[in-house]
Amino acid sequence: MAVELTRHDAFVVLTLNRPEALNALNAQTIEEIGSAIDEAGRMDARALIITGAGEKAFCAGADVKEMVGIDLIAKRRKAELGQSTFARLDTLSIPSVALINGYAFGGGLELALAATFRLATPNAAVALPEIKLGLMPGYGGTQRLPRVVGEARALEMILTGRTVRAEEALSIGLVNRIVGTQDRLADAFAFAREFSSYSRVALTHARAAIQRALAQPLHEGLKTEADLSTLAFQSKDAQEGIAAFIEKRPAKFTDA
Ligand code: CO8
């Protein structure tokens with residue numbers, strides 16, 4: 001299997017497992033990522049952590065060796081399949097955390113960009129180097145990177161293919177935190193615990209509202225926020241959270 005899915009208490013870990021090719025995304029890997037995301041959604045977990053096998057790479061991008069000699073339709077299908085597979089993270093019922101251990105190049109960074117959060121190990125190095133191959137990003141990079149780091153930085157990264165190291169990635173907001181000097185998975189779980197005890201209802205609506213913020217004009221986004229915040233307010237968990245505050249006790253959320 002090119003992808004492993006393992007359960008760790010409240011969390012599911014998806015590991016890209018082709019270390020001999022720096023976890024590059026061949027057709028089999030993309031297909032298995034899609035199935036694993038779907039499976040993770042059925043596992044009643046609190047978060048999905050995505051990482052790469054080995055110490056060297058999260059993922060070195062689309063498998064360049066599979067790009068030789070394919071026709072126009074296959075090229076288009078490749079882009080659409082990568083995009084639709086990574087987009088499953090948008091609609092996944094739980095937040096996802098890309099734990100970038102080492103290289104996240106091309107399609108590897110595009111996968112990380114589709115996750116809800118990104119963490120980087122100190123040796124992480126991210127880039128969209130497609131330009132060096134005479135290509136451009138095709139798995140969502142031109143759309144998601146500017147949303148995360150702004151147009152100017154996205155243009156620079158995509159047009160120069162420059163590698164960005166962990167500290168710089170943190171400083172431009174491309175990753176949320178640098179983790180894993182000792183145990184990267186333990187740090188990712190600790191990060192996920194910071195949100196995973198809260199009501200799934202409120203978390204889901206908040207994520208959906210933020211996703212829509214970037215896809216809608218402000219006046220429509222505000223309407224979406226009014227709709228979704230009312231739904232969260234109407235939940236049993238909101239009643240419980242408010243009561244717990246007033247009674248000065250910890251809230252017991254039931255995801256209802
Ligand atoms: N595809 C296939 N094999 C790869 C890839 C890759 N992307 N990256 C590394 N490998 C393989 C190498 O060929 C090598 O295999 P072998 O030992 O059999 O020669 C093995 O992994 C180890 O790699 P290196 O020896 O190169 O390791 P280094 O430490 O010297 O270098 C790098 C590491 C810098 C990450 C280097 O491997 C590299 O530059 N890799 C390519 C990165 C790249 O260009 N990625 C972008 C690919 S394009 C893409 O992702 C576009 C997505 C959208 C497509 C849309 C289609 C329409």
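Let me start with helix 2 and helix 3. In this predicted model, the axes of helix 2 and helix 3, the latter covering residues 107-114, come within 8 Å and cross at roughly 30°. Angles under 35 degrees count as roughly parallel, so helix 2 and helix 3 are roughly parallel to each other. The crossing of helix 2 past helix 3 is right-handed.

Who touches whom here? On the helix 2 side there are G82, F86, A87, L89 and D90, and they meet G107, E110, L111 and A114 in helix 3. Sorted by class, this contact of helix 2 with helix 3 has five nonpolar residues, two polar ones and two charged ones.

Helix 3 has another helix partner, helix 4, which is residues 141-149. The axes of helix 3 and helix 4 come within 10 Å, and they cross at roughly 55°. That value makes helix 3 and helix 4 oblique to each other. The crossing of helix 3 and helix 4 is left-handed. From helix 3, the contact uses L109, E110, L113 and A114; from helix 4, it uses G141, R144, L145 and V148. By class, the contact of helix 3 with helix 4 divides into five nonpolar residues, one polar and two charged. If you are following along on the structure, E110 and A114 are in the contact with helix 2, and E110 and A114 are also in the contact with helix 4.

Helix 3 also lies across a sheet. Helix 3 crosses strand 4, strand 6 and strand 8, running at about 95° to strand 6. The sheet in question is an open one of four strands in the order 4-6-8-9, and its pairing is mixed. Its edge strands are strand 4, residues 57-59, and strand 9, residues 164-165, each of which pairs on one side only. Inside it, strand 6 pairs with strand 8, residues 125-127, in the parallel sense over three bridges. As one example, Y103 stands opposite A125 in strand 8.

Now the other sheet. In what order do its six strands come? The order is 1-2-3-5-7-10, in an open sheet with mixed pairing. Strand 1, residues 3-8, and strand 10, residues 177-178, are the edge strands, each pairing on one side only. Helix 1, residues 27-41, packs on this sheet and touches strand 1, strand 2 (11-16) and strand 3 (47-52). The direction of helix 1 makes about 20° with that of strand 1. Further along the sheet, strand 5 (residues 96-100) and strand 7 (residues 117-120) run parallel and are joined by four bridges. A98 has R118 of strand 7 as its bridge partner.

Next, the ligand. How many residues surround the ligand? There are 24, and the closest are A60, G61, A62, G106 and G138. Helix 2, which spans 72-91, and strand 6, which spans 103-105, each supply at least two residues of the shell. Helix 2 gives the largest share of that shell, at four residues. By class, the shell around the ligand is made up of 14 nonpolar, five polar and five charged residues. So two elements we have already met come back here: helix 2, which packs with helix 3, and strand 6, which belongs to the four-strand sheet.

Last, a helix pair from later in the chain. Helix 8, residues 200-213, and helix 9, residues 218-233, pack at an angle of about 175°, with their axes 9 Å apart. Angles over 145 degrees count as roughly antiparallel, and helix 8 and helix 9 are therefore roughly antiparallel to each other. Helix 8 brings V201, A202, H205, A208, A209, R212 and A213 to the contact, while helix 9 brings G221, T224, E225, L228, L231 and A232. The contact of helix 8 with helix 9 divides into eight nonpolar, three polar and two charged residues.

Key. Residues are numbered from 1 along each chain as its sequence is written. This is a predicted model: local features need pLDDT of at least 70, side-chain atom pairs count only at pLDDT 80 or more; totals for chains, interfaces and linings use all residues. A residue is near a molecule or strand if its C-beta atom, placed from the backbone, lies within 6 Å of it. Ala, Val, Leu, Ile, Met, Phe, Trp, Tyr, Cys and Pro count as nonpolar, Asp, Glu, Lys and Arg as charged, and the others, Gly among them, as polar. Two strands pair if DSSP finds at least two bridges between them. Two residues are in contact if their C-beta atoms, placed from the backbone, lie within 7 Å. Axes are lines fitted to C-alpha atoms, for helices over the stretch in contact, and angles run from 0 to 180 degrees between N-to-C directions. Angles under 35 degrees count as roughly parallel, over 145 as roughly antiparallel, 65 to 115 as roughly perpendicular and the rest as oblique. A crossing is left-handed if the near helix is turned anticlockwise from the far one by less than a right angle, and right-handed if clockwise.
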